[in-house]
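Thanks for making time, everyone. Let me put the sequence and the model up on the screen, and then I'll talk you through a few spots.

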Amino acid sequence: MLLYIVRHALAGQHGDPRYPDDALRPLTQKGHKQFRRLVKKLARRGFAPTVVATSPLARCRQTAEIIGERVGPTPDVVDSDFLQPGSQLDALIAWSNERGAEELAWVGHAPDVDEMAAALIGGRDGAICFAKGAVAAIGFDDKITRGQGELRWLVAPQVLG
């Protein structure tokens, strides 16, 4: 099984008065452009989740929709309260394992994605630093299990220039 963990792409500034409800803060034009480009490159190299679970907050949902538009076959994009800020890792693991998908993605927020990735590959107190729009691939022999994953790769949009 291959799990992709994704931090939402570049979004508007926290506290922007245009978005008094932070849940509605969208991606910036630059965030859309950078992440589309990254997903296009990754899809050419086999990035193809069949299920994308996303925080329902606008910036994550928009990030997940870009994945849905750019990979084939088109994945199911599903809102998950488990991915809202303060993510619930054990609930996500159970939900994901019930799906039975060979490749799936979680789209969430920092620092949650940092901590989830570290917990899945065995780090107790460590974290992996996800830039905005970064994607990590973590492989598992069978089902997703804490501490049993192998970090295969981690890439951020900034590497594309």
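I'll go through a helix pair, the cysteines, a threonine, one covered helix and some prolines.

Quick housekeeping: this is a predicted model, so local features need pLDDT of at least 70 and side-chain atom pairs count only at pLDDT 80 or more, while totals for chains, interfaces and linings use all residues. Residues are numbered from 1 along each chain as its sequence is written, and side-chain values use heavy atoms, with hydrogens and water left out.

Okay, helices. When I say helix I mean a DSSP run of H or I, at least four residues, and a strand is a run of E, at least two, both numbered from the N terminus. Helix 1, residues 29-44, packs on helix 2, residues 58-70, at an angle of about 40°, and their axes are 9 Å apart. The axes are lines fitted to C-alpha atoms, for helices over the stretch in contact, and angles run from 0 to 180 degrees between N-to-C directions. That angle makes helix 1 oblique to helix 2; under 35 degrees would be roughly parallel, over 145 roughly antiparallel, 65 to 115 roughly perpendicular, and the rest is oblique. The crossing is right-handed, meaning the near helix is turned clockwise from the far one by less than a right angle.

Who touches whom? From helix 1 you've got H32, F35, R36, V39, K40 and A43, and they meet Q62, T63, I66, I67, E69 and R70 of helix 2. Contact here is heavy atoms within 4.5 Å. By class, that's five nonpolar, three polar and four charged residues. For the classes, Ala, Val, Leu, Ile, Met, Phe, Trp, Tyr, Cys and Pro are nonpolar, Asp, Glu, Lys and Arg are charged, and the others, Gly among them, are polar.

Now, how many disulfides does the structure hold? Zero, where a disulfide would be two cysteine sulfur atoms within 2.5 Å. The sulfur of C60 has its closest cysteine sulfur in C129, 16 Å off, so that's too far for a bond. And are they buried or exposed? C60 is buried, at 0% relative accessibility, whereas C129 is exposed, at 68%. Buried is under 20% relative accessible area, exposed is over 50%, and partly exposed is in between, using a 1.4 Å probe and protein chains only.

C60 turns up again next to T54, which sits in strand 2, residues 51-54. T54 is buried too, at 0% relative accessibility. Leaving aside neighbours within four places in sequence, T54 is in contact with C60, R61, A64, V77, V78, D79, S80, L83 and V107.

On to helix 4, residues 112-121. It's mostly covered, with eight of its 10 residues buried. Among the buried ones are D112, V113, M116 and L120. The cover includes strand 1 (2-7), helix 3, strand 4 (103-108) and strand 5 (135-139). Right after helix 4 comes G122, with a positive phi near 110°.

Last, the prolines. The peptide bond from G72 to P73 is cis, with omega near -5°, and P73 lies in the loop between helix 2 and strand 3. A110 to P111 is cis as well, with omega near 5°; P111 is in the loop between strand 4 and helix 4. P85 is in the loop between strand 3 (76-79) and helix 3 (89-99). Outside four places in sequence, P85 is in contact with L57, H109 and D112.
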